[in-house]
Amino acid sequence: GNFNESAERVLMLMEPKLKTNNATVERAYAYDLPLVPMDISRIEQVILNLVNNDLDAMSGREGKKIRACTFLKESDGKKFVVASFSDNGTGIHPDDMRKIFDPFFTTKGPDKGTGLGLSVSYGIIKDHNGRIWAENNEWGGASFFIELPIH
């Protein structure tokens with residue numbers, strides 16, 4: 001599937017919620033990306049999860065910004081499509097970084113999350129022989145990366 005199209009579909013679907021939350025989206029897509037063997041609906045579930053997490057992380061902040069970025073990466077003769085979804089929220093505490101993909105781990109209140117979103121996302125990406133990870137970014141928020149092999 002075309003990763004950019006999937007990202008765009010999810011962002012369009014979320015447009016009303018993004019507007020309600022006064023969040024702007026910056027897009028930085030590489031337009032010459034090869035197609036990725038992927039289960040489109042499951043990958044879009046992951047993107048939806050990440051964008052929802054971005055919104056939650058920026059809760060109560062001014063100037064909410066989400067950056068969706070895609071690029072091609074080559075490593076050891078293999079090619080990957082890499083996507084990142086970044087926010088300018090509070091970032092991830094170093095102690096939490098290694099637990100964020102654990103089932104039921106959440107930093108949100110009991111009414112806000114089950115702690116399953118990232119765990120499920122991790123499983124979906126793993127099923128695609130890909131990788132998913134997080135890093136704190138220069139805005140003080142978090143960036144989530146998805147790397148999917150092209151073949």
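Phe-104, Leu-116 and Val-120 make up a nonpolar patch on the surface, sharing about 270 Å² of accessible area. Patch members have over 30% relative accessible area and no salt bridge, and nonpolar side chains (Val, Leu, Ile, Met, Phe, Trp, Tyr) are joined within 5 Å; a salt bridge would be a side-chain nitrogen of Lys or Arg within 4 Å of a carboxyl oxygen of Asp or Glu. Areas come from the Shrake-Rupley method with a 1.4 Å probe. The model is a predicted one, where local features need pLDDT of at least 70, side-chain atom pairs count only at pLDDT 80 or more, and totals for chains, interfaces and linings use all residues. Residues are numbered from 1 along each chain, and side-chain values use heavy atoms, with hydrogens and water left out.

Phe-104 sits in the loop between helix H3 (94-97) and helix H4 (117-127); helices here are DSSP runs (H or I) of at least four residues, and strands (E) of at least two. With a relative accessible area of 61%, Phe-104 is exposed, while Asp-96, in helix H3, counts as buried at 17%. The cut-offs are under 20% for buried and over 50% for exposed, with partly exposed in between.

Now for the inside. The largest nonpolar core has 37 residues, and Phe-3, Phe-85, Phe-144 and Ile-146 touch the most other members. Elements giving two or more residues to this core include helix H1 (3-20), helix H2 (40-57), H4 and strand S5 (142-149). Such a core is a set of buried Ala, Val, Leu, Ile, Met, Phe, Trp, Tyr and Cys residues joined through side-chain atoms within 4.5 Å. H4 has Leu-118, Ser-119, Ser-121, Ile-124 and Ile-125 as its buried residues, and their cover includes H2, S4 and S5.

Aromatic rings come next, with 4 pairs in the structure. Rings of Phe, Tyr and Trp (its six-membered ring) pair if their centres lie within 6.5 Å; planes under 30 degrees apart are stacked, over 60 edge-to-face, and the rest tilted. Tyr-29 and Tyr-31 pair edge-to-face, at 6.2 Å centre to centre and 85 degrees between the planes. Tyr-29 is buried at 11% relative accessibility, whereas Tyr-31 is exposed at 70%. Phe-101 and Phe-144 have ring centres 6.3 Å apart and planes at 85 degrees, so this pair is edge-to-face as well. Because Phe-101 lies in the loop between H3 and H4 and Phe-144 in strand S5, the pair ties together parts 43 residues apart in sequence. Both Phe-101 and Phe-144 are buried, and ring pairs link them with Tyr-122 into a cluster.

Methods: Patch = residues over 30% accessible without salt bridge, like charges linked within 9 Å, V, L, I, M, F, W, Y side chains within 5 Å. Buried < 20%, exposed > 50% of the residue type's maximum accessible area, 1.4 Å probe, protein only. Contact = heavy atoms within 4.5 Å.
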